[in-house]
Amino acid sequence: MHDIRIERWAHALVHYCLSLKEGDNVSIHATSLATPLIEAVYREVLHAGANPIPFIGLEHLNEILLKEGSPSQIENSLQLMSAIAPHIDARLSILSTGNTKALSNINPAQSAHQTQASMKIRAQMHERWCLTLYPTSAYAQDAEMSLHDFEEFVFNVCFLNDADPIASWRAVGAEQQRLVDWLVGRKRVHILGPNTDLTLSIEDRIFINSDGKRNFPSGEFFTGPLENSAEGVIQFDVPSSYSGRTIEGVRLVFHEGKVVEASARQGQQYLESMLEMDAGARYLGEFAFGNNPGVVRATKNTLFDEKMGGTVHLALGNSYPETGGLNKSALHWDMVCDLRQQGEVWIDDVLFLKDGKHLV
């Protein structure tokens, strides 16, 4: 069925997110469940004069690899991507799984091997990349929606119902840049909410305006807090998913930047195993404000939930170097703290966010 919103999606990905030009080589990673979007992107890439290189995978092969392969086999499975990485100018990843729980019984150490190998390859590639998500029944079930309703949710939060989605994203970017500019030179963050009283330092760190170019959808601005600065406690009541497992009711206590106490209503054992992944897993790699007005409810999918307007999220593990963050880890696990009903974020001595509303 023809849907103009798929065409708008492809146009935004090619021209806004990846800024493709004639002669660029772009790799497209997806499963066949995303065929309508893959075809639209493929066509748009050709029209831009660039060269599409599709990698359409069978998701069950990765499950087999992680269950039955050795660490060296997991790393070697990425040899092809490693070989072509220097020749790729841009990379588009379309999340499109048919079973979000397929990796829920995988040994976390195996997943860590794959993450570490993937990080090495990404370091070889150019800066132009984008991650988006095509609605499947699996994602709809996680969000407790019908497939139709979830499709409409995705179109809405990506501004694909607008006649000019790119203009809408530029407007979001301009508003976020105003807030990012205000944060320059600030030093201390204090988060207050139900069961939450946490301080951290952002001194000399850089906030990045995420305006839909790398994550589509996006709508957040983030930084890497000073690694030894987090003090206090924070409660994450938005369910958090990582590698196919959903954890609920996470409570973390920090001292000198390190998680010294961790609990969860659901998934306690898995949470503890993730914290032991490596030396950086107990430290924060990211602090961010969600700012997408269309994300008004949790979907158990981090790509959307961390962008929820009026929330903050923190990530355990790896930092983004462009923020000035130094923490290194195979883990990067975003957890969302909902402050929309009751909560405050103070920046130095200024009330920056109250009950989900920016006040500056």
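**Exercises on a predicted model**

Q73 is partly exposed, at 45% relative accessible area (buried is under 20%, exposed over 50%, partly exposed in between; 1.4 Å probe, protein chains only). Residues are numbered from 1 along each chain as its sequence is written, and the model is predicted, so local features need pLDDT of at least 70, side-chain atom pairs count only at pLDDT 80 or more, and totals for chains, interfaces and linings use all residues. Side-chain values use heavy atoms, without hydrogens and water.

**Exercise 1. Place Q73 and find which residues it contacts.**

Step 1: locate Q73. It sits in helix α4, residues 71-76 (helices, H or I, at least four residues, and strands, E, at least two, are DSSP runs numbered from the N terminus).
Step 2: set aside neighbours within four places in sequence. Q73 is then in contact with L65 and E68 (contact means heavy atoms within 4.5 Å).
Step 3: look further along the chain. H113 is 40 residues from Q73, and their C-alpha atoms are 10.0 Å apart.

**Exercise 2. Which residues form a nonpolar patch with L61?**

Step 1: place L61. It belongs to helix α3, residues 59-68.
Step 2: check exposure. L61 counts as exposed because its relative accessible area is 52%.
Step 3: name the partners. L58 and I64 join L61 in the surface patch, with about 320 Å² of accessible area together. Patch residues have over 30% relative accessible area and no salt bridge; like charges are joined within 9 Å, nonpolar side chains (Val, Leu, Ile, Met, Phe, Trp, Tyr) within 5 Å. A salt bridge is a Lys or Arg side-chain nitrogen within 4 Å of an Asp or Glu carboxyl oxygen. Areas come from the Shrake-Rupley method with a 1.4 Å probe; for residues, only the protein chains shown count as cover.

**Exercise 3. In what order do the strands of the eight-stranded open sheet run?**

Step 1: read the order. It is β14-β13-β10-β6-β5-β18-β19-β20, with antiparallel pairing (two strands pair if DSSP finds at least two bridges between them).
Step 2: find the edges. β14 (258-263) and β20 each pair on one side only.
Step 3: inspect one edge. Five bridges join β14 to β13, residues 250-255. R251 stands opposite S263 in β14.
Step 4: add the helices. Helix α9 (residues 165-183) packs on the sheet and touches β18 (344-347), β19 and β20; its direction makes about 150° with that of β19. Helix α10 (residues 268-275) touches β13 and β14, at about 165° to the direction of β14. Axes are lines fitted to C-alpha atoms, for helices over the stretch in contact; angles run from 0 to 180 degrees between N-to-C directions.

**Exercise 4. Identify the buried residues of helix α8 and what they pack against.**

Step 1: list them. In α8 (residues 147-157) they are F150, F153, V154, F155 and V157.
Step 2: list their partners. These buried residues pack against α1 (4-17), β4 (129-133), α7 (137-142), α9 and α11 (302-305).
Step 3: look just past the helix. F159 takes a positive phi of about 60°.

**Exercise 5. Describe the backbone at D204, D355 and P217.**

Step 1: recall the norm. Most residues other than glycine have a negative phi, and most peptide bonds are trans.
Step 2: take D204. Its phi is positive, near 65°. D204 lies in the loop between β6 (196-201) and β7 (208-210). It is exposed, at 71% relative accessibility.
Step 3: take D355. Its phi is near 50°, also a positive value. The loop between β19 (350-354) and β20 (357-358) holds D355, which is partly exposed at 30%.
Step 4: take P217. The peptide bond from F216 to P217 is cis, with omega near 15°. P217 is in the loop between β8 (215-216) and β9 (220-223).
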